Amino acid sequence: MTLPFDKNLSHLGWEEVKKRQLHRLPLADEWIDIVQMKPGHSVLDIGPGPGVFTIRYAEAVGDTGRITVLEKSREAIEYLVKYVSLLNFQIRVLIGDAEKTDLTGLSPFHIIMLTDILHHTDSPTKLLKNIYENIPQKNTRVLISEFDPTSKGKFGPPLDKRLGDEYLLEIVKNIGFTVISSNKQLFEHYYIVIEK
Ligand SMILES: C[S@@+](CC[C@H](N)C(=O)[O-])C[C@H]1O[C@@H](n2cnc3c(N)ncnc32)[C@H](O)[C@@H]1O
């Protein structure tokens, strides 16, 4: 049986996406560790969806840090804003397509989070190129995390809709990024940390 899958998540709804993020919360703590997110950091979370992980990042950077989200779905942003303000967090919210949004006016960022978004984009290459061309400072760490197509497929998108680590590593190297680290993770995920 082929499970339904829509890049814009219309097959799920934001409440269900939020439930799945809550289930995978330990992943967010691993990501925070991997990119060494610390109090005072400025973080750009691209494609946050309902915002469960965004709140984790806001806790990690504290009052002296800043979280910016860039999300192309207006509905997701409406959901996130309600959720985040209920919990009393201050987050800068931008609606836009990360494949084309000019990020230069928003920089600098210590960290850019790209978790489970690339398999939803029209062109992962365009999005990664846009980031590369728009971040002036060389030491911004970019964390990519995706579902692994070589795992069992017990949850998450169908295996044939996932992007492999080899595939993404090739793209980021061709663009000019330096790969800092890469490994397999919990919940059928892998991560790649890159810098300009
Ligand atoms: C599965 S959700 C991932 C949410 C969260 N980052 C996570 O790790 O669970 C993917 C999100 O990326 C957003 N998205 C997809 N393409 C985008 C783009 N080009 N620019 C900005 N957001 C995008 C979708 O609207 C959706 O909210």
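This report walks through the ligand site, the nonpolar cores and one exposed proline of a predicted model.

## The ligand and its shell

Let us start with the ligand. It has 21 residues around it, and G47, E71, D97, A98 and T115 come nearest. Sorted by class, this shell holds eight nonpolar, eight polar and five charged residues.

Three polar contacts are worth a look on your screen. Q21 places a polar side-chain atom 2.9 Å from an oxygen atom of the ligand. The backbone is involved as well: an N or O backbone atom of G47 sits 2.8 Å from a ligand nitrogen atom, and for K72 a backbone N or O atom lies 3.2 Å from a nitrogen atom of the ligand. On its own the ligand would expose 600 Å², and the protein buries 97% of that area. Two elements, α1 (14–23) and β2, give two or more residues each to the shell.

## Two nonpolar cores

Now for the inside of the protein. The largest nonpolar core is made of 28 residues, and W31, M37, Y57, I67 and M113 have the most contacts inside it. At least two residues of this core are supplied by each of α2 (25–34), α3 (52–61), β2 (66–71), α4 (74–86), β4 and β7 (189–195). Helix α3 provides the largest share, with seven residues.

I67 is a good residue to zoom in on. Beyond its neighbours within four places in sequence, I67 is in contact with V43, T54, Y57, A58, V61, I91 and R92. There is also a second, separate core, which has 27 residues; L103, I117, L127 and L169 are among them.

## A proline on the outside

Where does P108 sit in the chain? You will find P108 in the loop that runs between β3 (92–95) and β4 (111–115). P108 has a relative accessibility of 58%, so it counts as exposed, the cut-off for that being over 50%.

Exposed as it is, P108 still has partners from elsewhere in the sequence: once neighbours within four places are set aside, P108 is in contact with S42 and Q137. Another residue to find here is T140, which is 32 residues away from P108 along the chain, with 8.0 Å between the two C-alpha atoms.

## Putting the pieces together

Strand β2 is a handy landmark for your own tour: this strand gives two or more residues to the ligand shell, and it also supplies at least two residues of the largest nonpolar core. Strand β4 contributes to that core too, and the loop holding P108 lies between β3 and β4.

Technical notes
Residues are numbered from 1 along each chain as its sequence is written. This is a predicted model: local features need pLDDT of at least 70, side-chain atom pairs count only at pLDDT 80 or more; totals for chains, interfaces and linings use all residues. Side-chain values use heavy atoms; hydrogens and water are left out. Helices (H or I, at least four residues) and strands (E, at least two) are DSSP runs, numbered from the N terminus. Buried means under 20% relative accessible area, exposed over 50%, partly exposed in between (1.4 Å probe, protein chains only). Contact means heavy atoms within 4.5 Å. A nonpolar core is a set of buried Ala, Val, Leu, Ile, Met, Phe, Trp, Tyr and Cys residues joined through side-chain atoms within 4.5 Å. A residue is near a molecule or strand if one of its heavy atoms lies within 4 Å of it. A polar contact is a pair of N or O atoms within 3.5 Å; within protein, one must be able to donate a hydrogen and the other to accept it, and residues adjacent in sequence count only if both atoms are side-chain atoms. Accessible areas come from the Shrake-Rupley method with a 1.4 Å probe; for residues, only the protein chains shown count as cover. Ala, Val, Leu, Ile, Met, Phe, Trp, Tyr, Cys and Pro count as nonpolar, Asp, Glu, Lys and Arg as charged, and the others, Gly among them, as polar.
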